[in-house]
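Please open the model in a viewer and keep the sequence panel at hand. The tour proceeds by selection, with a short account at each stop.

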Amino acid sequence: MVSNIPSLLFDLLEIAAYIYCADQRASRGTDTLSQAGAAWRRSMHFTIPVRNPDVWSGSELQDALRKTIGFLSDDTYEFTFVRADEPFAENDAYFEQLSDQAGDIEEVALFSGGLDSFAGAIEFIVANGHRTALVGHHSSPKVFAAQKALFEHLKHAVAPGRVQYVPVNITNCGVQATEYTQRTRSFLYASLAYVIARMFGKGGFTFFENGIVSFNLPIAQDVLGGRATRTTHPKVIRGFAEIFSLLAEEPIEVRTPYIWLTKRDIVERIVQQGFGHLIGGTVSCAHPMQWTKEVRHCGVCSQCIDRRFAILSARAGEYEPESNYELDLLTGDRSLHEELRMAVAYVKFCQTIDSCQCRQFDEKFPQVAAALSFFPELSNDAARDQIFDLHRRHARDVLSVISAGLVSEQSAVVRSTLPPGSLLSLCLSRATIPAPPTNDVDRQLADFMDRLDTPVCMFAVDEEAQSICLGGEFWLEGANFKLFKALLPHHRSAKASMSEVPFIEAWKLANELGVDEQSLRQRVTRLRREVSDRLAVDQGIILEIDDFIENRAREGYRLAPALCEVSCADLVAPTA
């Protein structure tokens, strides 16, 4: 750290910061959500001045950026890099507090102050004795204070110099954010860790995140939090490693050693290492601005729910009293909270997983397919089995807490003195779940999230090349192009007039293509299978049988109405 940060790493930090800021400032719809369905997937085009435009304009690096950030945020990205005549920041010596011990670091890990990153820090520093740099990112002084307090405890638990803390304040200054999901934030966090790792001469860094959060299966169609992030999804982690390896011109590892652990496993590791008394000092809540000195968890957001279930299932409640939460997990009245459905959906999600077999798990959660190819040490079947086992263990942990709660609160249950909006009451009730008053925004959001259950596949037509681009390197050509092109006029005209997409009778379509109806059926089947397989692996888009080309008895075929036509520039990589 004695030397200045190389200009290429400065570029990376600025690019990641631009993406992070634009993510928050580009709306996914109006305040009333009347355009949310149309505007959810944004098309982002960045023109960025950099110090090394030749490197950043390389087709392989641009392709890795577009694919990784696009999957991370569920948007489309295009980048143009130009030479920076006046760079935003000079090459000053950043992180000066580390310059005296630059050669001592063995590990670099991200440190949020949550349970997962704290458990990882304990494992690296205390259990394994590694000299570790913890890269702490925060946007709130309260989070910063929590991180510092945990760091001080770790520092005093080991020999001097074993742990160093690199705090980074990340704040979108001066402009109010209009989009709060912050899906791209992990790219900025990863970039910070990569820069620190390179300055210490290391070939990688570590994300400590449990597997339930990493896979982040949707807990319900109308609960936005269940779909909000892919921050450490295996496909994203692989993309980060590819981007950083291209920059370094050598292999860079982005490690996620907790991918097969549940949150309960994390809590148990902290207790086993003798740090259970510090669990109350870790922070998980998504609403730090609401924290007080006494209460640092709202108890309502998905992070708080996840955390509390883990602590109780690990029998670690003694280390964090229920008074640390504004709303008690099991007995607090949720009927007045807008996020009532979050807790109910969380439990129902676990009930669903606990009651299904592996094959049913695949059918109910097709999103799993997007992760299978990112475990090179496992076959697809073995990876699927481990993902299912992970989620089943998590589900049983959650349901065990509900069961124990019903026993401990049996007197209140028998006397019906529990609030009707408490989680225990809601789990017992067969009646309609009480809900807060809804407004038009709530209805539109729920309707939109329902529609999201049908995957959206974008395509672009290259008339000159006689091909259809479905993103990345996937093109439909030859017979597949002719079939798609024959169905396209009806799709375009219906979209233009906002009417129903009509079907083309099978015999008419077969005549237009110069084949018989049996050959047509075979061609459609092959095309559906090819598109489904490629999109699942390349883009994480899981299509059912009618999500690309629909057919209806006695009516014929049509392109699925959910398909979205865009320009070639939105899908095709620019040449270097």
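The stops below begin with the whole chain and then turn to individual elements and residues.

**The whole chain**

Display the full protein first, bearing in mind that this is a predicted model. The chain has 576 residues, of which 51% are buried. Its secondary structure amounts to 21 helices and 13 strands. Of the contacts with a separation of 6 or more, 74% are between residues 24 or more positions apart. With the surface switched on, the accessible area is about 26,200 Å², and carbon and sulfur atoms contribute 49% of it.

**Colouring by confidence**

Colour the model by pLDDT next. The mean for the protein is 84, and 85% of the residues reach 70 or more. Which elements have the lowest and the highest mean pLDDT? Helix 17 (residues 440-451) has the lowest, at 46, while strand 6 (residues 204-206) has the highest, at 98. Select residues 444-455 as well: pLDDT is below 50 there, and the model gives this stretch 26 contacts beyond near neighbours in sequence. A further stretch to select is residues 31-37, where pLDDT stays under 50 and the model has 15 contacts beyond four places in sequence. Where pLDDT is low, the predicted coordinates should not be read in detail.

**Strand 3 and its partner**

Select strand 3 (residues 107-111). Is this strand enclosed or open to the outside? Strand 3 is largely enclosed by the rest of the structure, because 5 of its 5 residues are buried. Both of its faces are covered: one side carries Glu107, Ala109 and Phe111, and the other carries Val108 and Leu110. Add strand 4 (residues 132-138), which pairs with strand 3 in the parallel sense over 5 bridges. Within this pairing, Val108 lies opposite Ala133 of strand 4.

**Thr206 in strand 6**

Move to Thr206, which lies in strand 6. Thr206 has a relative accessible area of 1%, so it is buried. Beyond its neighbours within four places in sequence, its contacts are Val108, Ala109, Leu110, Phe124, Arg255 and Pro257. Val108, Ala109 and Leu110 also belong to strand 3, visited at the previous stop.

**Aromatic pairs**

Show the aromatic side chains; the structure holds 25 aromatic pairs. One to inspect is Trp56 with Phe81, a tilted pair with 5.8 Å centre to centre and 40° between the planes. This pair joins distant parts of the chain, since Trp56 is in helix 3 (residues 53-56) and Phe81, 25 residues apart from it, is in strand 2 (residues 76-83). Trp56 is buried, with a relative accessibility of 0%. Phe81 is buried too, at 8%. Then select Phe187, Tyr194, Phe205, Phe207, Phe240 and Phe244, which ring pairs link into a cluster.

**Thr68 in helix 4**

Keep Phe240 on display and add Thr68, a residue of helix 4 (residues 59-73). Apart from neighbours within four places in sequence, Thr68 touches Phe240 together with Val236, Gly239 and Ile243. Is Thr68 buried or exposed? Its relative accessible area is 6%, so Thr68 is buried.

**The four-stranded sheet**

Select strands 8, 9, 10 and 13, which form an open sheet of 4 strands in the order 10-9-8-13 with mixed pairing. The edges are strand 10 (475-476) and strand 13 (564-565), each of which pairs on one side only. Strand 9 (residues 467-469) pairs with strand 10 in the antiparallel sense, over 2 bridges. Here Cys469 stands opposite Trp475 of strand 10. Add helix 18 (residues 478-497), which packs on the sheet and touches strand 8 (458-462), strand 9, strand 10 and strand 13. The direction of helix 18 makes about 105° with that of strand 8.

**Pro420 in a loop**

End at Pro420, in the loop between helix 15 (410-415) and helix 16 (423-428). Is Pro420 buried or exposed? Pro420 is exposed, because its relative accessible area is 62%. For a final distance, select the C-alpha atoms of Pro420 and Thr331: the separation is 9.3 Å, although these residues are 89 residues apart along the chain.

How values were computed:
Residues numbered from 1 in each chain as written. Predicted model: local features only at pLDDT ≥ 70, side-chain atom pairs only at ≥ 80, totals over all residues. Heavy atoms only, no water. Pairing = 2+ DSSP bridges. Contact = heavy atoms within 4.5 Å. Axes fitted to C-alpha atoms, helices over the stretch in contact; angles between N-to-C directions. pLDDT = per-residue confidence, 0-100. Buried < 20%, exposed > 50% of the residue type's maximum accessible area, 1.4 Å probe, protein only. Areas by Shrake-Rupley, 256 points an atom, 1.4 Å probe, with all protein chains shown as cover. Phe/Tyr/Trp six-rings, centres within 6.5 Å; stacked < 30°, edge-to-face > 60°.
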